[in-house]
Amino acid sequence: MYCVKCGVRLTDGTERCPLCATPVWIPKNADIPKANYAYSSVYPKKKDNERFPAAIFLTIALAVVSIVCLIFCLRTYGAIRWSGYVMSGIAALYIIAVLPMWFRHPNPVVFVPISFIAVSAFLLYVCLYNRGDWFLSFAFPVVMLLGILTTAAVSLFRYVKGGKLFIIGGLLAALGASSMLIEYFEHITFGTKMFSWSLYSMSTFFLFGLFLILAGIIQSLREWLERRSFL
Amino acid sequence: MSKFWLRLDNAALIFPAVKRPGWCNVFRQSVSLREDIDPALLQEAANDLKPRFPSLYVRLRTGIFWYYLEEIRGPLTVGQDFAYPLTHMATKELHTCCLRILYYRNRIAVEFFHALTDGTGGMIFLKTLAARYIALKYGIDIPALDGILDIGQQPQPEEIEDSFLRYSGQHAMSRSEPNSYRLKGTHEKDGVRHLITGVLPTDKLVEVAHSYHATVTVFLVAVMAQVITEMQAKHAPNRRPKPVKITVPVNLRRLYGSKTLRNFVLTLNPGVDPQLGAFTLDDLCNGISAQLSAEAMPQIMAARIAANVIPQQLAILRIMPLFIKNLFLRMVYAYVGETKGCLNISNLGVVKLPEPMRPYVERMEFIIGVQYTYPNNCSVVSLGNATYVNMIRNIRETELEQRFFSRLVELGVPVTIESKLRGD
């Protein structure tokens with residue numbers, strides 16, 4: 001049998017042309033066997049979570065390090081001193097790096113904000129232990145600001161199809177704007193001078209962002225950028 | 001006992017560096033016999049070939065400065081074929097073995113990571129494997145002729161040499177050439193590769209090609225260049241047309257008489273610049289034939305080899321840690337590897353088999369994987385009076401295949417199409 005559109009001969013039993021999808025006319029009651037395809041119906045196996053052994057190993061290793069530090073600190077000082085930093089640091093590291101390994105498909109939209117909360121908690125511990133007053137006015141808002149921007153970036157990359165250059169450009173512009181906010185928090189907490197560095201970073205990020213947004217609009221610039229930055 | 005290991009050959013250096021999660025450079029060759037394959041005998045044949053092909057039974061290892069190949073642990077296990085050819089070889093698999101031997105019904109297929117060998121080396125392995133299998137199954141003697149190696153012999157040093165280093169010229173030739181038009185389409189998200197095979201009568205194909213004073217390769221390249229020129233005019237009508245070039249691998253063994261079983265191939269990019277005006281198929285055949293003849297000379301190829309070999313031997317590059325080298329190689333690949341051609345047409349030519357083996361062999365195929373950025377590829381092999389043109393793609397659209405095979409029919413070459421579409 002032949003495809004009436006392409007003119008190619010088709011193997012017996014083919015229901016539509018593989019080239020143009022034109023249905024093949026088969027007379028009623030014609031005794032034509034089903035096409036005997038050349039490949040099996042076995043698709044490659046989906047992989048199990050290969051990071052399980054690493055997650056178990058790291059959990060045990062980090063727990064051992066924490067306990068050893070705690071025992072050593074208690075025996076030396078009779079109280080939790082430097083080991084508090086180690087344990088809270090390890091807890092933050094565990095949440096950021098090891099916790100996602102327990103999941104087959106960890107969703108970064110969930111784990112990125114959790115990581116920033118863990119960093120905040122670590123900084124809160126450091127601040128309280130040293131009886132500082134910089135957490136609420138500086139560390140917390142800065143970490144949360146960066147957390148919101150990062151979560152927005154991963155969410156947009158994950159759920160928005162296309163428009164990557166607009167997303168990166170917009171995020172860079174937002175990062176530039178947030179550098180001014182960070183300097184403001186620094187100013188009210190530590191009394192530093194305003195506009196000493198944030199204007200430079202803001203203008204740099206803003207220009208990069210604008211360039212990427214323009215690349216998103218101008219096709220030839222976009223193609224040039226894609227070709228030059230392919231890794 | 002120390003393990004056998006090998007440096008990657010000059011062409012192979014690029015392949016581990018540019019592999020991605022979901023893509024690496026692989027190709028496949030298969031032979032279909034008259035009867036269903038016995039997996040136990042195939043396993044025995046595969047085991048018997050291991051001492052004769054030490055450069056193929058290897059796994060990829062990561063060093064501090066270079067990747068290298070190391071003898072695999074234990075035997076290579078043959079497996080059942082999958083629903084589509086060239087399923088992805090993940091890094092973990094490459095670290096176990098860079099070679100797959102698969103069977104399905106009456107077919108034996110071998111899938112190679114390209115860092116091991118090229119199409120010619122792969123075909124020698126496949127024919128020797130098939131010969132050993134037939135010998136085990138039917139108890140016949142198959143002489144070591146027509147590209148089949150004697151598995152009783154020790155591997156020769158020239159079979160595992162890096163011939164690029166041996167035949168490199170003193171002066172390097174610039175790689176600079178204009179970029180080509182790029183084919184596009186809707187990518188399959190799950191990495192499925194679609195394959196459409198056109199079966200052409202070799203005598204008719206040769207006759208039509210000769211009527212254009214061209215070889216089969218030149219004729220197929222010319223037809224492909226013509227249909228891609230038409231596609232570019234259709235899809236980008238208001239833009240300045242880009243050159244349409246087809247990447248054609250040249251087997252350097254024929255030029256230099258090398259016996260290596262490792263990579264020894266360089267690619268040329270003959271084509272046409274549509275800005276210069278309309279070209280007939282006659283013009284294309286003449287132009288492409290002239291371009292290939294002018295380039296495929298030992299002196300010029302030696303200079304092209306030198307362009308790859310000289311950087312490899314630079315002290316600064318040699319002492320550079322692998323992860324930095326990988327970035328550098330990726331950049332080279334981005335500039336040179338996939339921008340100069342629309343797709344590959346790799347023609348292995350007519351496969352010759354020893355007389356006692358012929359009655360048992362029904363068909364042979366050669367399939368190259370898709371590149372990372374261009375979605376289509378084409379490979380050709382002939383056995384007897386059948387030429388198998390395999391067109392693989394990782395996109396949904398079949399426009400290129402449809403135009404190409406329809407044009408061959410219009411030119412008087414009958415084409416029989418075989419395919420497995422998703423959902424069939």
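Modeller: In this predicted model, a residue counts as buried if 20 or more other C-beta atoms lie within 10 Å of its own, and as exposed if 12 or fewer do.

Colleague: Why is L86(B) called buried or exposed, whichever of the two applies?

Modeller: L86(B) has 22 other C-beta atoms within 10 Å, and the cut-off for the buried class is 20 or more, so L86(B) is called buried. L86(B) is found in the loop between β5 (79-80) and α3 (91-94) of chain B, and its phi is positive, about 55°, although the residue is not a glycine.

Colleague: What makes H213(B) count as buried or exposed?

Modeller: The count for H213(B) is 12 C-beta neighbours inside 10 Å, and the exposed class takes residues with 12 or fewer, so H213(B) counts as exposed. H213(B) also has a positive phi of about 55° without being a glycine, and its place is the loop between α6 (202-211) and α7 (216-235) of chain B.

Colleague: Which residues have the most contacts inside the largest nonpolar core?

Modeller: That core has 130 residues, and those with the most contacts inside it are F113(B), L129(B), V221(B), A222(B), M224(B) and A225(B). Its largest share, 11 residues, comes from α7(B). Leaving aside residues up to four places away in sequence, V221(B) touches I246(B), V248(B), P270(B), I288(B) and I345(B). There is also a second, separate core of 8 residues, which includes V112(A), A118(A), A139(A) and V143(A).

Colleague: How do you know that strand β9 (residues 244-251) of chain B and β10(B) are paired, and which way do they run?

Modeller: Pairing requires at least two bridges between the strands; here 4 bridges join β9(B) to β10(B), and the two run antiparallel. N251(B) stands opposite V265(B) in β10(B). Along β10(B), residues 265-268, the side chains of L266(B) and L268(B) point to one face and are buried, while those of V265(B) and T267(B) point to the other and are not. In a regular strand, side chains alternate between the two faces of the sheet.

Colleague: What makes β1 (residues 9-10) of chain A and β16 (residues 416-419) of chain B a pair?

Modeller: The minimum is two bridges, and these strands pair over 2 bridges, in the parallel sense. The bridge partner of R9(A) in β16(B) is T416(B).

Colleague: How many residues of each chain are in contact across the A-B interface?

Modeller: In the model, 20 residues of chain A are in contact with 26 residues of chain B, and by class the chain A side has 14 nonpolar, 4 polar and 2 charged residues.

Definitions and conventions:
Residues are numbered from 1 along each chain as its sequence is written. Chains are lettered from A and ligands numbered from 1 in the order in which they are written. This is a predicted model: local features need pLDDT of at least 70, side-chain atom pairs count only at pLDDT 80 or more; totals for chains, interfaces and linings use all residues. A nonpolar core is a set of buried Ala, Val, Leu, Ile, Met, Phe, Trp, Tyr and Cys residues joined through C-beta atoms within 7 Å. Two residues are in contact if their C-beta atoms, placed from the backbone, lie within 7 Å. Ala, Val, Leu, Ile, Met, Phe, Trp, Tyr, Cys and Pro count as nonpolar, Asp, Glu, Lys and Arg as charged, and the others, Gly among them, as polar.
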